[in-house]
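Let's take a walk through this structure together. Keep the 3D view open and follow along.

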Amino acid sequence: MEKNIIFGIRPVMEAIQGGRDIDRILISQNLKGQLARELTELIQEKGINFKQVKPERIDRVTKKNHQGVVAYLPPVEYHDIEQIVGKSLDEGRSPFVLLLDGITDVRNFGAIARTAECAGVDAIVLPEKGSVSVTPDAIKTSAGALFRIPVCREKNLYFVLRHLKNRGFTIAAASEKGDTDYRKVEYQGAVALILGAEDKGVSSQLLKMADAHVSIPVKGEIGSLNVSVAAGILIYEVLRHRG
């Protein structure tokens with residue numbers, strides 16, 4: 001466990017200031033003083049997920065001198081979506097990118113990542129806040145696919161979509177209320193597919209950026225599919241169009 005954590009106030013602050021990827025931070029409820037305030041302000045400024053917990057919670061993570069602060073590091077390195085897209089287009093390839101909006105279940109995430117890797121998706125994009133991240137549980141569910149497919153964490157998916165649109169991507173958003181059968185869209189060239197959480201779906205801001213709102217016909221009484229199942233159907237439909 002300890003190889004995936006940083007503990008102590010100054011080490012955590014230095015990691016943040018040095019640009020290290022950090023999944024989340026636990027801070028003791030008893031932490032006081034000027035340095036503690038500076039740490040909290042830095043965490044909030046960078047938009048890092050953090051939680052105040054009882055001191056014994058942190059003691060269970062490490063017995064070393066943690067000073068009431070533990071930061072969890074992701075088990076894989078996150079990538080930059082603009083670099084991935086730019087490299088692919090420069091090589092004359094049409095990238096296929098998957099954006100996951102507000103998905104929080106690690107098992108769904110892992111299953112989606114496994115399908116995406118098998119289908120040759122170029123990258124998965126997650127928002128920094130309100131989303132799953134690459135955790136050991138997600139890696140296990142993905143059967144190791146998350147070690148093989150680039151995952152990007154971006155501050156704002158809207159700006160990611162705007163960039164992709166400017167690079168000529170066709171953007172399709174999956175929605176139960178979508179007005180287009182998923183089989184009726186031509187997924188040619190560079191493609192971005194957006195999937196949302198099962199309870200909230202894709203946000204209205206991102207739906208506005210999409211060229212098509214696609215839905216999967218449901219014949220039974222249950223109104224929707226599990227998001228990882230829907231992802232598999234849609235990913236392989238894109239793959240079929242791209243040959």
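What follows goes from a sheet and its helices to some charged pairs and then to a patch on the surface.

Keep in mind that this is a predicted model. A good place to begin is an open sheet of 4 strands, ordered S1-S4-S2-S3, with mixed pairing. Strand S1 (5–7) and strand S3 (49–53) sit at the edges with a single partner strand each, so one side of each has no neighbour in the sheet. Going from one strand to the next, the twist averages 20 degrees. For S1, have a look at strand S4 (residues 69–72): the two pair in the antiparallel sense over 3 bridges. Ile5, for instance, has Tyr72 in S4 as its bridge partner.

Now add the helices. Helix H1 (residues 9–17) lies across S1, strand S2 (24–28) and S4, and it runs at about 125 degrees to S1. Helix H2 (residues 34–46) lies across S2, S3 and S4, running at about 155 degrees to S2.

Further along the chain, S11 pairs with strand S8 (residues 170–174); they run parallel and are joined by 3 bridges. Here Ala172 has Ala212 in S11 as its bridge partner. Strand S9 (residues 180–181) also runs parallel to S11, joined by 2 bridges, and Thr180 stands opposite Val214 in S11.

Next, the charged pairs. How many salt bridges does a search of the whole structure find? It finds 9. In one of them, Asp23 meets Arg153, with the closest N and O atoms 3.1 Å apart. This pair links distant parts of the chain, 130 residues apart: Asp23 is in the loop between H1 and S2, while Arg153 is in strand S7 (residues 151–154). Both Asp23 and Arg153 are buried.

Lys87 and Glu91 form another salt bridge, their closest N and O atoms being 2.7 Å apart. Lys87 counts as exposed because its relative accessibility is 52%, whereas Glu91, at 45%, counts as partly exposed. These two belong to a salt-bridge network with Arg93 and Asp122.

Over in helix H9, Arg240 and Glu237 are 3 residues apart, which means about one helical turn separates them. They form a salt bridge too, with the closest N and O atoms 2.8 Å apart. Arg240 is exposed at 55% relative accessibility, but Glu237 is buried at 8%.

Finish on the surface, where Val218, Leu225 and Val229 make a nonpolar patch of about 210 Å². Leu225 is in the loop between strand S11 (212–215) and helix H9 (227–242), and its relative accessibility of 35% makes it partly exposed.

Definitions and conventions:
Residues are numbered from 1 along each chain as its sequence is written. This is a predicted model: local features need pLDDT of at least 70, side-chain atom pairs count only at pLDDT 80 or more; totals for chains, interfaces and linings use all residues. Side-chain values use heavy atoms; hydrogens and water are left out. Patches are made of residues with over 30% relative accessible area and no salt bridge: like charges are joined within 9 Å, nonpolar side chains (Val, Leu, Ile, Met, Phe, Trp, Tyr) within 5 Å. Accessible areas come from the Shrake-Rupley method with a 1.4 Å probe; for residues, only the protein chains shown count as cover. A salt bridge is a side-chain nitrogen of Lys or Arg within 4 Å of a carboxyl oxygen of Asp or Glu. Buried means under 20% relative accessible area, exposed over 50%, partly exposed in between (1.4 Å probe, protein chains only). Two strands pair if DSSP finds at least two bridges between them. Axes are lines fitted to C-alpha atoms, for helices over the stretch in contact, and angles run from 0 to 180 degrees between N-to-C directions. Contact means heavy atoms within 4.5 Å.
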